[in-house]
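Trainee: I would like to go through the reasoning behind the labels used for this model. May we begin with the terms for accessibility?

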Amino acid sequence: MKDYVLPPKKRRPLKKVIKTVLIILFVIVIYTWTILSVNIDLVRAMERLVKNFNVVIPQLFSPKWSDSGEVIDKMIETILMAFSGTFMATILAVPLGFMAAKNMTIRPVSLVAKWFLSAVRSFPELILAILFVVAVGPNAFAGILAITVHSMGMLGKLYSEIIESIDMEIIDSIKANGANRIQVLFYGVLPQVIPEFLSYAIYRFEIDIRSSSILGIVGAGGIGQMIMFASINRDWNKMSLILLAIIIVVTIIDMISSYIRKRLV
Amino acid sequence: VLRRVRKQHKTKVPALYEQKVKIQVTMITFLIIGFYLFSMYWTQEQTPGNFKNALFNLTNLFQKFFPPNFRILSSVWKPMADTIQMAIISTTIAALLTIPLALLGSRNITPFKPIYFIARASLNLIRLIPEMVLAIVFVGIFGVGVISGVIALIIFSLGVLSKLISETIESVNMNSLEAIRASGGGLLQVIFFGLFPQVLPQITSFILYVFEVNVRASVVLGLVGAGGIGLMLERELKFYNYPNVMAIIIVIFVVVIGIEYMSNKLREALL
């Protein structure tokens with residue numbers, strides 16, 4: 001005989017149950033579609049793996065040091081590309097962020113700005129780079145433009161969220177003291193948001209270093225061009241040196257940026 | 001003298017920031033702008049033609065790309081499906097692999113401390129390599145096809161997911177875990193009954209997030225031969241067939257936005 005009473009089971013509303021069942025069905029349908037129609041030829045891949053393993057892997061761990069001058073040169077270009085792109089994006093993102101923030105403008109403007117930002121964001125950087133390479137030619141400027149546009153979308157969204165989360169009581173009290181709109185902006189809004197703006201811009205620089213190192217694959221300057229040539233020539237020793245350079249630079253910049261961000265906020 | 005100082009203080013409104021801070025901020029601003037000008041100069045040096053030409057070409061862009069050629073739509077769907085399937089498979093496998101890894105890589109759960117450091121260090125190293133470079137290496141090993149992309153994406157998302165998940169696990173409320181341990185539960189029971197109920201919503205949300213990232217990544221992985229729509233994009237680019245390129249880009253845009261919308265709805269329903 002039971003000498004304890006279990007707590008009553010939670011009653012779940014019918015609507016929620018139906019919703020859960022629908023989601024599960026949806027996921028099952030997607031997985032069956034994927035498994036039935038995916039074209040992965042495992043046998044052939046394994047054959048290739050056996051054939052290529054000894055050609056590729058050992059060479060990936062023995063960098064070709066004689067090319068380091070060239071690699072360093074391109075790596076500097078990569079860093080500079082990321083820096084200029086992030087700089088322009090940060091400046092462009094501030095007005096867009098203000099336009100998209102709900103508490104700064106009228107509703108239609110904020111909606112349009114939000115749509116614009118999310119449309120810009122959904123283009124992968126490499127696709128943007130393809131467009132800009134066609135527009136301005138295969139050089140670092142195309143890469144800078146691609147980074148600028150993509151980071152502008154990301155930063156604009158983050159900035160609008162920061163602006164929406166500021167303390168509006170300070171703004172109201174400044175207004176009540178008779179400040180005009182410019183004074184409200186400079187003494188009420190900006191002091192609250194600038195540290196976070198800068199912190200996000202520096203964080204974005206970290207991400208942009210990573211993306212600018214691959215933009216060269218479509219011809220937009222930086223170390224990506226060398227990656228492309230090395231892969232076409234199947235020069236895995238050089239690839240190993242490039243990988244090493246990317247890893248070192250990204251690590252150093254991550255460390256510097258997290259140090260600065262800690263001091264900022 | 002004292003009186004004069006006091007008088008000055010009365011009339012002068014104190015500045016919002018100190019003099020020293022002002023000088024510092026000005027210096028840093030000039031430094032950043034100077035570095036920007038320098039980097040623009042450095043990167044523009046090798047530009048064939050000059051800056052004016054580049055801007056002129058920008059107006060040509062529209063003539064080259066528009067109108068997009070939508071007649072190729074029927075042949076776009078198959079590679080697009082490949083792309084989405086790549087993202088689904090790699091996210092699933094990465095999610096299955098990442099949970100044990102994240103458990104080993106979080107300080108409050110891991111049974112042995114050395115494993116924690118090894119897991120953390122190796123996952124950090126993985127995260128440093130861009131997924132495109134991983135894809136190039138795997139295309140070199142496995143040849144052109146979907147499988148190279150899938151493996152590159154698995155490794156890339158392992159790095160991201162296990163970091164996010166192990167951070168969530170470390171921030172969990174330890175009291176209920178202690179309670180289960182105190183009433184005689186083993187490590188597995190602690191994990192299943194104490195930990196998972198607390199972190200499952202966040203984990204699903206992270207997995208959906210990584211899925212979105214993977215969709216975007218798998219779109220472009222094909223540019224280096226790792227299967228999917230990127231492969232087709234690369235071919236059309238090589239033929240300078242810009243109206244077709246534009247049509248493919250528009251399809252990518254629509255599909256990416258659609259998937260993001262669906263995944264947002266799914267996340268709202270689950271949380």
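Mentor: A residue counts as exposed when its relative accessible area is over 50%, as buried under 20%, and as partly exposed in between. Please keep in mind that the model is predicted.

Trainee: Why is Tyr240(B) called exposed?

Mentor: Tyr240(B) has a relative accessible area of 62%. The cut-off for exposed is over 50%, so Tyr240(B) is exposed.

Trainee: What makes Tyr242(B) buried or exposed?

Mentor: The relative accessibility of Tyr242(B) is 13%. Buried means under 20%, and therefore Tyr242(B) counts as buried.

Trainee: Why are the rings of Tyr240(B) and Tyr242(B) called an edge-to-face pair?

Mentor: Two values are needed, because a pair of aromatic rings is described by the distance of the centres and the angle of the planes. For Tyr240(B) and Tyr242(B) the centres are 6.3 Å apart and the planes stand at 70°. Rings pair if their centres lie within 6.5 Å, and planes over 60 degrees apart count as edge-to-face. Both conditions are met, so the pair is edge-to-face.

Trainee: How many aromatic pairs does the structure hold, over all chains?

Mentor: There are 10 aromatic pairs over all chains. One of them joins Phe192(B) and Phe196(B), at 5.4 Å centre to centre with 85° between the planes; this pair is edge-to-face as well. Phe192(B) and Phe196(B) both lie in helix α9 (residues 187–221) of chain B, four residues apart, which is about one turn of the helix.

Trainee: What makes Phe192(B) partly exposed, and why does Phe196(B) count as buried?

Mentor: Phe192(B) has a relative accessible area of 47%, and partly exposed covers the range between 20% and 50%. Phe196(B) has 18% relative accessibility, which is under 20%, so Phe196(B) counts as buried.

Trainee: Which residues form the aromatic cluster?

Mentor: One aromatic cluster is formed by Phe83(A), Phe87(A), Phe205(A), Phe35(B), Tyr36(B) and Phe38(B).

Trainee: How do you know that Arg204(A) and Glu125(A) meet in a salt bridge?

Mentor: The N to O distance between their side chains is 3.7 Å. A salt bridge requires a side-chain nitrogen of Lys or Arg within 4 Å of a carboxyl oxygen of Asp or Glu, so this pair qualifies. Arg204(A) lies in helix α8 (residues 181–215) of chain A and Glu125(A) in helix α5 (residues 125–136) of chain A, so the pair ties together parts that are 79 residues apart in sequence. Both Arg204(A) and Glu125(A) are buried.

Trainee: Why is the pair of Glu268(B) and Lys265(B) a salt bridge?

Mentor: Their closest N and O atoms are 3.8 Å apart, and the limit is within 4 Å, so the rule is satisfied. Glu268(B) and Lys265(B) both lie in helix α11 (residues 242–270) of chain B, three residues apart. Glu268(B), with 55%, is exposed, whereas Lys265(B), with 42%, is partly exposed. Elsewhere, salt bridges that share partners join Glu125(A), Arg204(A) and Asp208(A) into one network.

Trainee: How many salt bridges cross the interface of chain A and chain B?

Mentor: The rule finds zero salt bridges there, while the whole structure has 15 over all chains. Chain A and chain B bury about 5600 Å² between them, 80% of it on carbon and sulfur atoms.

How values were computed
Residues numbered from 1 in each chain as written. Chains lettered and ligands numbered in written order. Heavy atoms only, no water. Buried area = accessible area lost by both parts, 1.4 Å probe. Phe/Tyr/Trp six-rings, centres within 6.5 Å; stacked < 30°, edge-to-face > 60°. Helix = DSSP H or I, 4+ residues; strand = E, 2+ residues; numbered from the N terminus. Buried < 20%, exposed > 50% of the residue type's maximum accessible area, 1.4 Å probe, protein only.
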